[in-house]
Amino acid sequence: MCSFTAILTAASASAQVCEPGWEGTFGGEPGSPNPLFALGAFYDGNGPALFVGGEMGLLSGTPVSRVARWDGANVEAMGGGTNGSVRAFATYDDGTGPALYVAGSFTQAGGQATSGIARWDGSQWSSLGSGLSGFDGTVRALAVADLGSGPELFATGGFTMAGGSPVGRIARWNGTSWLPLGGGLGMPFSASDQGGLALAAFDDGSGPALYVGGDFTAAQSGHAQYLARWNGSTWSSVGGATNSFVHALEVFDDGSGPALYAGGIFTILGGIPGAPNIGRWNGTQWSSVGGGVSQGVRSLATFDDGTGAVLVAGGDFAQAGGQQVNRIAQWDGVTWAPLGVGVQGTSVRALEVVDLGSGPRLFVAGPFQVAGGLTSRGIASWDGSNWALFGPGLTNTVTALEVFDGGSGPELYAVGSFDAPDGASNTGFARWNGSSWTSEPGAASPFALGVAAMRVFDGGAGPALYAGGSVTSIGGVPANAIARYDGSVWSPLGVGLTACSSNQKVHAMLVHDDGSGSALYVAGRFSAAGAIPANNIARYDGTAWSDVGGGLGDGGACFNGGAFALALHDDGNGPQLYAGGEFTQAGGQPAARIARWDGANWHPVGTAGPSASILALASADLGDGPRLYAGGDFFSSTTGAGMSRLAIWDGSAWSSVGGGVSGSASFLFFDTKVSDLRVWDDGTGLALYVSGHFRFVGDTPALNVARWDGQAWNTLDGGVGGPLQVTQNATTMVVYDDGSGESLFVGGYFWQSPGGDSHLARWRGCASASSYQTVAGCAGNPAQLTPAVAELSVGGTLALELDTSAFATGLGLFFVGADGTDGAGCGQVFPGLGEWLLALSPQPIQFAAVPAVSGVSSFSAPMPNQAQLVGLSLTFQGAHLALFDPGVPVELSNALVGTVAP
């Protein structure tokens, strides 16, 4: 091992070149913030796809213009889309090949004139003559029918012109020109009729015909109230009149032969009461469908999940056949049945069945927000047993992120108001292993909505994830503002935290050893921790709570000036705890919104600090020495000097940082603030990452997240946001390595990232090939050893970091030797310490002992530029020695096997 000593004493360096950037990982928010009206299926040459139409500008996080294509995994915009809403789809072959026909209230598709209707061939748009126009110009339904002269495309709606000629709200396209259907629909000069709302081809035994339902009272100027039949030459009524609109038509065979089903908002069908909102026409008479439904039917479709075909009805109704069904139900020819728990919201407006490779699914769209208990935002799918969201992304806000090993290796834990992406509804608590999500138990939505901070801490019973906020219970167990998760179950921390008002909350947590042992420090708005008075900050050692020097407050009742941020910072006197918030006193002494705890007393931090609340703190050396950064909602210092939401403390004075962050004077942008700060090297150098709610960094446009390198701002490709920037924010960040390299994960309430993600996005670090392989062992060591430089090469740098799970103060010991694991990858377990992974013969060498700063021990040394070292394999392991804890506890790390590269 003497040769290894020589390696450590040589001098050289190597440079890395990389381009970090956003990497689409989680997908856009399922559904759309805008109304959806239509669904259609089409095989466009690139495989089967579902087409979605409406008024949306976003679909599953992807920018679209009112129409989009979904292949089961990705949303695609369609050649610029349309300039108005899309209401109907149909597949039709005009002789040049099948194409998707799209109709609505637009006047352009793909930038060219296509009044009311357009043709999409899979790659480009084209018009159908001069299109459809007049009156309200909206096309509301399309269908293909062959009435004896070959298949034709039929369109109906509120238009009165087709191809430049007058028509009565309905027309047919034969592939080259538009033609009327006799006198069409509606009485002459009837401006109130919307025309047809639904079309279906059906042969009742007297020959094929086109059936039209809608808002009209005549066809060919003859009586045909809300429902009419066109046989290719003449119009006729259908078995008598209905007394109100018909919105949907579908042909379905319940086992007794095909029949036409009509749905709408009527109470009388064929002159016979007792068929509310849906009825069946067999060609000669109408009949009730299981007693009907309680309110309007807006859509009908036939669906077979492999167990037999059923008729699915969607609409405004809550009951079908007298039983609760919630806006959607299926009819098997005998009885009505619900589709799970149905949907919650106004209505179901569109249904479409398509097989995208995993079996047929029924897609459902409309102005609803929840389907099957999942936050779906207007679109979801049903496979016959279960509901699924439209897209893989998170459905709502992420409020906190943390990396924790709950027994399956380090994973990214996210908490917020989202539905778990694995399909569990309203959990708001899930973990990401680098490839898939798993929901965690016990965190029902009321809990998740209140979590503001998470932190990993070992209080003596092993590492656990602590979550704090405004929670009152979890998993049915009282957990007053804070709870502990060991990877399988939740437990409270005694009686938790108590406040003297309803705004009780935990805002920040940090593990620190101030000389009295490692403990979890908790800050927020509260007046007691356990049974101990504690003003807005408290210390938890794993078994008991204690006060921290009289706490933080404003000197009033309950010391209500909250503490919102914690950080460790070394100003030259060793790491000490800094707390920021809205308080004006610390330990009973004046301290303007920030104070320093030395283990015995609180101290103010300067005299001209931020003038309003501090929400985030971080310590970093960006080339100018150790500095403490503070972010929040302040505009200036207490003396009036400009410090727009971001300030820096150099040990003697406060100053601004690169012009700070701001909103926009020309745009209503309230609540501008910095919410979180993280220090990280994405491969281009160490920098401070800033997230919150802002539109500018300095004078440069940047949405809600940016990077400060000590000299200048970088906008991270513009940041994260959405169409309504006033409502968007990025509230939390964490660095996590899923095995493919470190990335910065950003969470909050935003609809778009440049990578296509919503609410949680990933800024990928440099994709450098690593010379190291991780040896995890079998016991799961508590400390983490990682390469600070990915490549171990001649003429390069050996750089390692040892991160303790619980003890901030102590020494990091670095060892090198040979791999000592057995065939199963297991080493030698030392109870209470961890698993030793190096071979004991030959004996490993301790090559460094360095202090831990904020729980991290860093070692680096140059590698000799000697070709004979190429291919040499070295195995490293770390051990953290906690110096000030009784018994001198030790934490062992994983091992790293590094192979020296050229």
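## Cores and salt bridges in a predicted model

Start with the greasy part: the largest nonpolar core has 21 residues, and those with the most contacts inside it are Leu798, Leu800, Phe814, Phe847 and Phe876. The elements giving two or more residues to this core are strand 86 (797-803), strand 87 (811-817), strand 90 (845-851), strand 91 (856-862) and strand 92 (873-881). Keep in mind that this is a predicted model.

Who does Phe814 touch? Leaving aside residues up to four places away in sequence, Phe814 is in contact with Leu785, Leu800, Leu802, Ile845, Gln846, Phe847, Ala848, Val850, Ser857, Phe859 and Gln877. Apart from the largest core lies another one, of 20 residues, with Leu510, Tyr521, Ala523 and Ile537 among them.

Now for the charges. Side chains of opposite charge can pair when their charged atoms come close. In this structure there are 17 salt bridges, including these three:

| Salt bridge | Closest N to O |
|---|---|
| Glu23 and Arg764 | 2.8 Å |
| Asp94 and Arg119 | 3.7 Å |
| Arg280 and Asp254 | 3.6 Å |

Take the pair of Glu23 and Arg764, with its closest N and O atoms 2.8 Å apart. Glu23 sits in the loop between strand 1 (21-22) and strand 2 (36-43), while Arg764 belongs to strand 83 (residues 760-764), so this pair links distant parts of the chain, 741 residues apart. Is each partner buried or exposed? Glu23 has 30% relative accessibility, so it counts as partly exposed. Arg764 comes in at 14%, so it counts as buried, the cut-off for buried being under 20%.

Next up is Asp94 with Arg119, at 3.7 Å. Asp94 lies in the loop between strand 8 (86-93) and strand 9 (98-104) and Arg119 in strand 12 (residues 117-120), so the bridge ties together parts 25 residues apart in sequence. Asp94 counts as partly exposed because its relative accessibility is 22%, and Arg119 is buried, with a relative accessible area of 13%.

Then there's Arg280, whose side chain meets that of Asp254 at 3.6 Å, N to O. Here the chain places Arg280 in strand 31 (residues 278-281) and Asp254 in the loop between strand 27 (246-253) and strand 28 (258-264); the pair links distant parts of the chain, 26 residues apart. Arg280 is buried, its relative accessible area being 14%, whereas Asp254 is partly exposed at 23%.

One more thing about the charges: Asp44, Arg69 and Glu76 are joined into one network by salt bridges that share partners.

Methods: Residues are numbered from 1 along each chain as its sequence is written. This is a predicted model: local features need pLDDT of at least 70, side-chain atom pairs count only at pLDDT 80 or more; totals for chains, interfaces and linings use all residues. Side-chain values use heavy atoms; hydrogens and water are left out. A nonpolar core is a set of buried Ala, Val, Leu, Ile, Met, Phe, Trp, Tyr and Cys residues joined through side-chain atoms within 4.5 Å. Buried means under 20% relative accessible area, exposed over 50%, partly exposed in between (1.4 Å probe, protein chains only). Helices (H or I, at least four residues) and strands (E, at least two) are DSSP runs, numbered from the N terminus. Contact means heavy atoms within 4.5 Å. A salt bridge is a side-chain nitrogen of Lys or Arg within 4 Å of a carboxyl oxygen of Asp or Glu.
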